[in-house]
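Student: Could you take me through one part of this protein slowly, and show me how it connects to what lies around it? I would like to follow one thread from start to finish.

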Amino acid sequence: MSESSNPTSPAAEAGPRRIVTRGARRFVLLGTAHVSKASADEVRAEIETGDYDHVAIELCDARHAALTRQSEMADMDLFAVIKNGQAGMVAANLALGAYQQRLADQFGIEPGAEMRAAIAATDAAHTPLTLVDRNIGITLKRVYRGIPWWQRASVLMGLAGSLISSNKISEEDIEQLKEGDMLEATFNEFADQSEHMHGALIDERDQYMAAKLLMQADTPGTTLVVVGAGHLKGLANYLERGMDTPAERVATLDTVPAGARWVKWIPWVIVALVLAGFGLGFAHSPDLGWHLVMEWFLIHGVLCAVGAALALAHPLTIAAGFVASPLTSLNPTIGAGMVTAAVELWVRKPRVGDFSTLKSDVTTVRGWWRNRVSRVLLVFLLSTIGSAAGTWIAGFRIVDQLIGA
């Protein structure tokens, strides 16, 4: 059962809301504007009425930690993040943080204030709090996997551009954000609206949050659900429909689709072709064979070193990239970027101040190079690109010289 409602609470008039009853539990869905002080005041007043035995908010564990335990970033193991393939998630979080910081700097708005208010109010009232949104990392991976492979490079380049964008945020964008979703607004800056992105960013999260809430349906009581206004309709619809096995739906939506198996074999095929090229060169003449090997090492080393230098890496890091790239390119289990990132972290360990100013630094191009944390990510990214370019350029050189031999 669903209904629109204007209960007689102190903040009843401020935001749109829906009421859905499933089983023994009543869900009061409160639509908020992520950039509105009024929404924060409404959430706080609503919780303080004491009408709710449970509160659920549109946050995942990672975003909750970013709001409440910002000092934890200082304990982040950057090398482990890169080694475990989480650099993209960190970059996405920085994109979200940079977008929010630009909002704060330009309009004096603190995005997420209503979530902070909910966390503080539930803590003060000793009311149980549930995080019902899907982990941001899983959401972004599902967005990435849902995009055709030939479009992924443009999306990644767009993300990189949004990270260092200095464009002003328009008043129109602000008005849309009041009725939309922070994640969608952030990433719409660099990618056109598409069915794949909307599905993972909005619709799947509506389903996910509904499933998490329906897992409470057998427990009598009333839950206040604080979500962005952009989720209100979809979430209410999924709650009204109900789900036979909400726990299974959560597990399904928490799964990242596997990539195509053949893609994993590409690096090994390239290594086999390069080694075969060396073999053919030596079979033709030792001079040609050694010439191909030397070109491979020089092209790879120089391009990786140039990438590290563009990131303003330490001279030792640049030298390490020059030496490591020709070797790591023949071993797909380790990348040149991992080596350069490790050396950069060793010679220029980020300071506490770098973590505390990270979100504000990454709102400018210069800040990315000034902050030691973001510079490590740049070292990893640019040296990886340099090494990859070296593979293709040197590979074509091998083919060209073998044909002309």
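Tutor: Let's begin with Leu312, in the loop between H14 and helix H15 (315-328). Keep in mind as we go that this is a predicted model. Phi of Leu312 is near 60 degrees, a positive value in a residue that is not glycine. That deserves a second look, since most residues other than glycine have a negative phi. Is Leu312 buried, exposed or partly exposed? Its relative accessibility is 47%, and because buried means under 20% and exposed means over 50%, Leu312 counts as partly exposed.

Now look at the two helices on either side of that loop. H14 and H15 pack with their axes 7 Å apart, at an angle of about 140 degrees. Why are they called oblique rather than roughly antiparallel? An angle has to be over 145 degrees to count as roughly antiparallel, and H14 and H15 are therefore oblique to each other. Their crossing is right-handed. On the H14 side, the contact is made by Trp296, Phe297, Leu298, His300, Gly301, Val302, Cys304, Ala305, Ala308 and Ala309. H15 brings Ile318, Gly321, Phe322, Ser325, Pro326 and Leu327 to the contact. Sorted by class, the residues where H14 touches H15 are twelve nonpolar and four polar, with no charged ones.

While you have those names in view, try reading their numbers as a pattern. An α-helix has 3.6 residues a turn, so residues three or four places apart point the same way. With that in mind, find Ile318, Gly321 and Ser325 among the H15 residues of this contact, and then trace them along the helix on your screen.

H15 has another partner. H15 and helix H16 (residues 336-347) pack at an angle of about 155 degrees, and their axes are 8 Å apart. That angle makes H15 roughly antiparallel to H16. This crossing, too, is right-handed. From H15, the residues that meet H16 are Leu316, Thr317, Ala320, Gly321, Ala324, Ser325 and Thr328. Facing them in H16 are Ala336, Val339, Thr340, Val343, Glu344, Trp346 and Val347. By class, this contact of H15 with H16 has eight nonpolar residues, five polar and one charged. Look for Gly321 and Ser325 in particular: they belong to the contact with H14, and they also belong to the contact with H16.

Let's go back to H14 and look at another of its partners. Helix H14 (residues 286-310) packs with helix H20 (residues 372-404) at an angle of about 155 degrees, their axes 7 Å apart. That makes H14 roughly antiparallel to H20. H14 passes H20 in a right-handed crossing. The residues of this contact divide into 14 nonpolar, ten polar and two charged.

To see this pairing through one residue, pick out Gln401, which is in helix H20. Is Gln401 buried or exposed? Its relative accessible area is 15%, and since buried means under 20%, Gln401 counts as buried. Leaving out residues up to four places away in sequence, Gln401 touches Leu288, His291, Leu292 and Glu295. Their numbers fall within residues 286-310, the span of H14, so you can find them there on your screen.

Before we finish, compare Leu312 with another residue elsewhere in the chain. His126 lies in the loop between helix H5 (113-125) and strand E5 (129-131). Phi of His126 is near 55 degrees, again a positive value in a residue other than glycine. His126 is exposed, with a relative accessible area of 72%, whereas Leu312 is partly exposed.

Finally, step back to the whole protein. Its secondary structure comes to 20 helices and six strands. Of its 405 residues, 49% count as buried. Among contacts between residues at least 6 apart in sequence, 78% join residues at least 24 apart. The touch between Gln401 and Leu288 is one you can now picture for yourself.

Conventions:
Residues are numbered from 1 along each chain as its sequence is written. This is a predicted model: local features need pLDDT of at least 70, side-chain atom pairs count only at pLDDT 80 or more; totals for chains, interfaces and linings use all residues. Side-chain values use heavy atoms; hydrogens and water are left out. Helices (H or I, at least four residues) and strands (E, at least two) are DSSP runs, numbered from the N terminus. Buried means under 20% relative accessible area, exposed over 50%, partly exposed in between (1.4 Å probe, protein chains only). Contact means heavy atoms within 4.5 Å. Axes are lines fitted to C-alpha atoms, for helices over the stretch in contact, and angles run from 0 to 180 degrees between N-to-C directions. Angles under 35 degrees count as roughly parallel, over 145 as roughly antiparallel, 65 to 115 as roughly perpendicular and the rest as oblique. A crossing is left-handed if the near helix is turned anticlockwise from the far one by less than a right angle, and right-handed if clockwise. Ala, Val, Leu, Ile, Met, Phe, Trp, Tyr, Cys and Pro count as nonpolar, Asp, Glu, Lys and Arg as charged, and the others, Gly among them, as polar.
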